[in-house]
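Subject: Structure for you, with notes

Hello,

Here is the structure I said I would pass on. My notes on it follow below the entry.

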Amino acid sequence: MSRNVFVSALVLICLATSPFCLGQSRDRDRQIEDAQLDIRLLKHVIDEQDRRIADLEKTVKALKTAVGDAENPAHDSRTRIGKPAIIPAWQIPFAWSRIKFGMSRVQVEEILGPPVSVDSVLDYQTLVYKGDLPGTGILSGTVRLTSDRVSQVNAPDF
């Protein structure tokens with residue numbers, strides 16, 4: 001009986017150290033590495049989504065503030081009582097998100113409105129948007145055009 005136990009133990013040891021078992025171990029190691037990579041990628045996606053959600057929350061807050069000021073002009077020192085505040089399009093974060101590379105100046109001005117000033121240098125122009133946003137202070141943003149096409153966008157920090 002003890003000889004059978006010894007032989008069985010020996011067979012199990014041989015099987016455990018056989019290439020077949022080692023191959024399974026390598027497969028498990030690879031599966032673990034793949035799972036760890038997936039976890040890292042998912043964490044990156046979550047971090048990116050958190051950033052985007054925070055940006056959207058800032059946009060919603062700015063829009064609520066803008067709508068609240070428009071509905072209650074007495075809180076806006078730039079308006080006279082009885083007249084609703086007119087908020088320039090460029091002071092709305094959503095408008096800046098619509099500006100895409102390759103757009104023409106006309107398309108940009110249709111979305112953001114006319115700039116406060118334009119700086120021209122040899123082969124490009126910079127459309128400057130600057131002004132006071134009630135409750136947040138002075139905002140400024142720029143759109144650079146190269147050959148009348150958007151090549152760079154610096155949205156205000158809402």
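Strands β2 (residues 124-133) and β3 (residues 137-146) run antiparallel and are joined by ten bridges. Please keep in mind that this is a predicted model. Two of the pairings in that ladder can be used to find your way. Y129 stands opposite G141 in β3, and Q125 has L145 of β3 as its bridge partner. The two strands form a hairpin with three residues between them, and there G135 has a positive phi near 90°.

On the other flank of β2 is β1. These two also pair in the antiparallel sense, over five bridges, and V118 stands opposite L127 in β2. They too make a hairpin, with two residues between the strands; L122 in that turn has a positive phi of about 20°.

The whole sheet has four strands, is open, and follows the order β1-β2-β3-β4 with antiparallel pairing. β1 (117-121) and β4 (149-154) each have a single partner strand, so they stand at the edges and one side of each is left without a neighbour in the sheet. From one strand to the next, the twist averages 20°. Helix α4 (residues 105-112) packs on this sheet and touches β1, β2, β3 and β4. The direction of α4 makes about 5° with that of β2.

As for the chain overall, there are four helices and four strands. Their order from the N terminus is α-α-α-α-β-β-β-β, with the helices placed before the strands. The chain has 158 residues, and 22% of them count as buried. Of the contacts between residues at least 6 apart in sequence, 36% join residues at least 24 apart.

Two buried residues are worth looking up together. Q91 is in the loop between α2 and α3, and with a relative accessible area of 5% it is buried. Apart from its neighbours within four places in sequence, Q91 is in contact with G131, D132, L133 and F158. G131 is in strand β2. Why does G131 count as buried? Its relative accessible area is 19%, and the cut-off for buried is under 20%. Leaving out residues up to four places away in sequence, G131 touches W90, Q91, G137, I138 and L139. G131 and P88 are 43 residues apart in sequence, while their C-alpha atoms are 9.4 Å apart in space.

The loop between β3 and β4 has two residues to check by eye. Most residues other than glycine have a negative phi. S147, in this loop, has a positive phi near 55°. D148, which also lies in the loop between β3 and β4, has a positive phi near 60°. Are these two residues buried or exposed? S147 counts as exposed, at 65% relative accessibility, whereas D148 is partly exposed, with a relative accessible area of 38%.

Last, the pockets. The largest pocket has a volume of about 440 Å³. It is lined by 16 residues, and the closest to its centre are D55, T59, P93, W96 and S97. Which elements supply at least two residues each to this lining? They are α2 (19-71) and α3 (93-97). α2 gives the most, with six residues. By type, the lining of the largest pocket divides into nine nonpolar, two polar and five charged residues.

If you open the model to follow these notes, the following places cover the main points:

- the β2 and β3 ladder, with Y129 opposite G141;
- α4 where it packs on the sheet;
- Q91 and its contact with G131;
- S147, with its positive phi, and D148, with its own positive phi;
- the largest pocket, with D55, T59, P93, W96 and S97 closest to its centre.

Regards

Note on methods:
Residues are numbered from 1 along each chain as its sequence is written. This is a predicted model: local features need pLDDT of at least 70, side-chain atom pairs count only at pLDDT 80 or more; totals for chains, interfaces and linings use all residues. Side-chain values use heavy atoms; hydrogens and water are left out. Two strands pair if DSSP finds at least two bridges between them. Axes are lines fitted to C-alpha atoms, for helices over the stretch in contact, and angles run from 0 to 180 degrees between N-to-C directions. Contact means heavy atoms within 4.5 Å. On a 1 Å grid over the protein atoms alone, a cavity is a set of points where a 1.4 Å probe fits but cannot get out, and a pocket is an open set with protein on both sides within 12 Å along at least five of seven lines; lining residues have an atom within 4 Å of a point. Grid points are joined across faces, edges and corners, and a volume is the space filled by probe spheres set on the points. Ala, Val, Leu, Ile, Met, Phe, Trp, Tyr, Cys and Pro count as nonpolar, Asp, Glu, Lys and Arg as charged, and the others, Gly among them, as polar. Buried means under 20% relative accessible area, exposed over 50%, partly exposed in between (1.4 Å probe, protein chains only).
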